[in-house]
Amino acid sequence: MYKLLSHNDLDGVGCGILAKLAFGKQVKVRYNSVSGLDREVEWFLENDDQDTFLFITDLSVSEDNEKRLDAFFQAGGKVQLLDHHKTALHFNNYKWGQVVVEDDEGKLTSATSLLYEYLVTHQLMEPSDAVAEFVELVRQYDTWEWEKNDNQHAQRLNALFFLVPIEEFEEKMISRLQASEHFHFDEFEKKILDMEENKIERYIRRKRRELVQTQAGDHFAGVVYAESYHSELGNELGKDCPHLDYIAILNIGGKRVGFRTIHDHIDVSEVAGQFGGGGHAKASGCSLTNEAYQQFVVDTFPLEPLREDARRNRYNLKRSSFGSLYKNRMEELFLLYPVNEQVWAIEQNNQNLEQTFNSFEDGESFLKRNYEAWLVRDDAFVNYLVEQIRKD
Ligand SMILES: [Mn+2]
């Protein structure tokens, strides 16, 4: 018999799917939260058949259980821990531990990709194209490589994982991977994934209209209230407002703040760290402490949302050699225009600002950080041009 204890996210469940493909009815699989694993390991050591081969994937155990598992192993027990998190590297000191963050070719790993390799090299499973494709989608999602590669299949696989109950997801994937030559979504799945994508798009558009801008320390932050779709929101709002260093997403009910950035020069784990939280460079979070509450809720509550740039213009376009026209809430007009190929300048109400910029993006960022200005619609642009002609 085999037992697999794994994480309850897509990568963890990917491991369960592989185990069931390899061992069929000979394996019992249980999915756990990060904090729930240790109890399961203790239960296994105290109650389960000691001949059972224990796999632990995508999670690592406490120090106490590390010792217990090693004692179990030394006494002839069969156990294999497979993980890809940096924080688990010390399990490589054990014969029963294998933690790989990056493979020999420098590719980031996932628990599912490590288990697949393990099962194939130990001849516990026949390799197949369909399974390899599924494993690669899970790996790309778990390592965020899908974003760089714009791998929509990986993103959709994770969306599907959240749309259906885990048991149903498992069952569907197992029968598909057994029966098909290539991994694919069926027609019904495509339909619900499309519906979900439309729903997220509408949600993000609504949230964009609620986004406020604030200065927090050295950074400019966008602040928005949202309970769901934090990654998608952080990504889309960040791309729509590249002048913001990061997006702070407030979940008041959960008393939490999430931080997301699209910029390589910003590390939002440091931002979260200032409030006692943590995470990764591109995604982090903290509890809504008094300080965080003051900074992101109290101080920003009176602010008006950031206006959106006109999207359907034909004439007043960004990076135009004639200049692009912006306006702020005080009805002041700003023309951002190229002086030559290297220099961009800004005219504020027909007066040149002192600063010049190396690129359109730098100039726009300056306008948006300092004036919260937005690209005006064509009709306002035409009025402006008419005014200019009259003056001349
Ligand atoms: Mn993982």
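In this predicted model, helix H9 passes helix H10 in a right-handed crossing. The residues that form the contact of H9 with H10 divide into four nonpolar and five charged, with no polar ones. On the H9 side the contact is made by Ile200, Ile204, Lys207 and Arg208, which meet Glu232, Leu233, Glu236, Leu237 and Asp240 in H10. The axes of H9, which covers residues 187–208, and of H10, which covers residues 230–240, come within 10 Å and cross at roughly 55°. Because that angle falls neither under 35 degrees nor within 65 to 115 degrees, H9 and H10 are oblique to each other.

From this pair of helices we turn to a strand. Ala248 lies in strand S8, which runs over residues 246–251, and this residue is buried, since 29 other C-beta atoms lie within 10 Å, where 20 or more are required for that description. When residues up to four places away in sequence are not counted, Ala248 touches Ala221, Val223, Val257, Phe259 and Phe296. Ala248 can also be related to Gly285, which is 37 residues apart from Ala248 in sequence and, from C-alpha to C-alpha, 8.9 Å apart in space.

Helix H14, residues 378–391, offers another setting. Of the 14 residues of H14, the number buried is one, so this helix lies largely in the open. Its length can be checked against expectation: at 1.5 Å a residue, the 14 residues of H14 should span 20 Å, and the C-alpha atoms at its ends are 20 Å apart, which agrees.

Note on methods:
Residues are numbered from 1 along each chain as its sequence is written. This is a predicted model: local features need pLDDT of at least 70, side-chain atom pairs count only at pLDDT 80 or more; totals for chains, interfaces and linings use all residues. Helices (H or I, at least four residues) and strands (E, at least two) are DSSP runs, numbered from the N terminus. The expected span of a helix is 1.5 Å times one less than its number of residues. A residue is buried if 20 or more other C-beta atoms lie within 10 Å of its own, exposed if 12 or fewer, and partly exposed in between; C-beta atoms are placed from the backbone. Axes are lines fitted to C-alpha atoms, for helices over the stretch in contact, and angles run from 0 to 180 degrees between N-to-C directions. Angles under 35 degrees count as roughly parallel, over 145 as roughly antiparallel, 65 to 115 as roughly perpendicular and the rest as oblique. A crossing is left-handed if the near helix is turned anticlockwise from the far one by less than a right angle, and right-handed if clockwise. Two residues are in contact if their C-beta atoms, placed from the backbone, lie within 7 Å. Ala, Val, Leu, Ile, Met, Phe, Trp, Tyr, Cys and Pro count as nonpolar, Asp, Glu, Lys and Arg as charged, and the others, Gly among them, as polar.
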